[in-house]
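Reader: I have a chain on my screen and some questions about how it packs. Can we go through them one at a time?

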Amino acid sequence: MLDRAARFRGYPTLPGLDNGPDFTSRAFIAWTIQHGVRHLLIQPGRPMQNGYIESFNGKFRDECLNEQQFQTLQQSREAIVRCLRVEIGAMKRRYTEEQIIGFLREADAGLPVKELCRKHGFSEPSCYAWKAKFRGMKVSDAQRLKALEAENTKLKKLLANSMLEVDAMREVLKGK
């Protein structure tokens, strides 16, 4: 599987990975050595050093896996493939702040959450997350919040990349 991905995208130079068993197993470490891939594990308890994938995993779990019950492994595989087909192109359907606030106004007017979600095609966890984030806001407030969150995300990525570079330089200097 990794070789197929590498043929498509190329071998990574220095991926930052979490400390999960999938990236610390003997098979994975042997694969990295065989292909000359040097991998750098993030610090335990510091998920924001790999924030993009942590964010994806959380959203995928909330919007795909937690929405269904699986009786067999095959059912789970099929559901994952369906979710990924929907998610990969657009990650998920994006709603504007104006639409989200409109949905919340419908809920405040008495429309049950299940019915609201079914009517507009989003999940209950999304609805509750929006309620926690946008309740009581005007559209202009929500747009300002979105701009601040985007700036914060960029700053976090810059910090994480800098920390990874520092760690990589320390590793290089240790070897000399």
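Reader: Which residue just after H8 takes a positive phi?

Author: Keep in mind that this is a predicted model. Helix H8 covers residues 124–134. Just after H8, a positive phi of about 85° appears. The residue that takes this phi is Gly-136.

Reader: What pattern does the protein chain follow along the sequence?

Author: The chain has nine helices and two strands. Read in sequence order, these give the pattern α-β-α-α-β-α-α-α-α-α-α.

Reader: How much of the protein chain counts as buried?

Author: The accessible surface comes to about 12,900 Å². Carbon and sulfur atoms hold 56% of that surface. Of the 176 residues, the buried share is 26%.

Reader: What share of the contacts with a separation of 6 or more is between residues 24 or more positions apart?

Author: Here a contact means heavy atoms within 4.5 Å. The count takes contacts in the protein chain with a separation of 6 or more. Pairs 24 or more positions apart make up 55%.

Reader: Where do the buried residues of H8 lie around the axis?

Author: The buried residues are Ser-126, Cys-127, Trp-130, Lys-131 and Phe-134. They span an arc of only 140° around the axis. That arc puts them on the same side of H8.

Reader: How are H6 and H8 oriented where their axes cross?

Author: The two axes come within 10 Å and cross at roughly 100°. Angles from 65 to 115 degrees count as roughly perpendicular. So H6 is, relative to H8, roughly perpendicular.

Reader: Which residues in H8 do the H6 residues meet?

Author: From H6 come Ile-100, Phe-103, Leu-104 and Ala-107. On the H8 side, they meet Cys-127, Trp-130, Lys-131 and Phe-134.

Reader: Is the pair of Phe-103 and Phe-122 stacked, tilted or edge-to-face?

Author: The whole structure holds six aromatic pairs. In the pair of Phe-103 and Phe-122, the ring centres are 5.0 Å apart, with 35° between the planes. Stacked needs under 30 degrees and edge-to-face over 60. The pair is therefore, by the same cut-offs, tilted.

Reader: How many residues apart are Phe-103 and Phe-122?

Author: Phe-103 sits in helix H6, residues 97–108. Phe-122 sits in the loop between helix H7 and helix H8. The pair links distant parts of the chain, and the separation is 19 residues.

Reader: Are Phe-103 and Phe-122 buried or exposed?

Author: Buried means under 20% relative accessible area. Phe-103 has 7%. Phe-122 has 10%. So Phe-103 counts as buried, and Phe-122 also counts as buried.

Reader: How far apart in sequence are the parts that Phe-103 and Trp-130 tie together?

Author: The ring centres of Phe-103 and Trp-130 are 6.1 Å apart, and their planes are at 25°, so the pair is stacked. Trp-130 is buried, at 12% relative accessible area. Phe-103 lies in helix H6 and Trp-130 in helix H8, so the parts they tie together are separated in sequence by 27 residues.

Reader: Which residues do ring pairs link into a cluster?

Author: Phe-103 pairs with Phe-122. Phe-103 also pairs with Trp-130. The cluster takes in Tyr-95, Phe-103, Phe-122 and Trp-130.

Reader: Which residues does Asp-3 contact, leaving aside neighbours within four places in sequence?

Author: Asp-3 is in helix H1 and is partly exposed at 29% relative accessibility. Asp-3 and His-35 are 32 residues apart in sequence, yet 9.3 Å apart in space, C-alpha to C-alpha. Beyond its sequence neighbours, Asp-3 contacts Tyr-11, Trp-31 and His-35.

Technical notes. Residues numbered from 1 in each chain as written. Predicted model: local features only at pLDDT ≥ 70, side-chain atom pairs only at ≥ 80, totals over all residues. Heavy atoms only, no water. Phe/Tyr/Trp six-rings, centres within 6.5 Å; stacked < 30°, edge-to-face > 60°. Helix = DSSP H or I, 4+ residues; strand = E, 2+ residues; numbered from the N terminus. Buried < 20%, exposed > 50% of the residue type's maximum accessible area, 1.4 Å probe, protein only. Areas by Shrake-Rupley, 256 points an atom, 1.4 Å probe, with all protein chains shown as cover. Arc of directions from axis to C-beta. Axes fitted to C-alpha atoms, helices over the stretch in contact; angles between N-to-C directions. Parallel < 35°, antiparallel > 145°, perpendicular 65-115°, else oblique.
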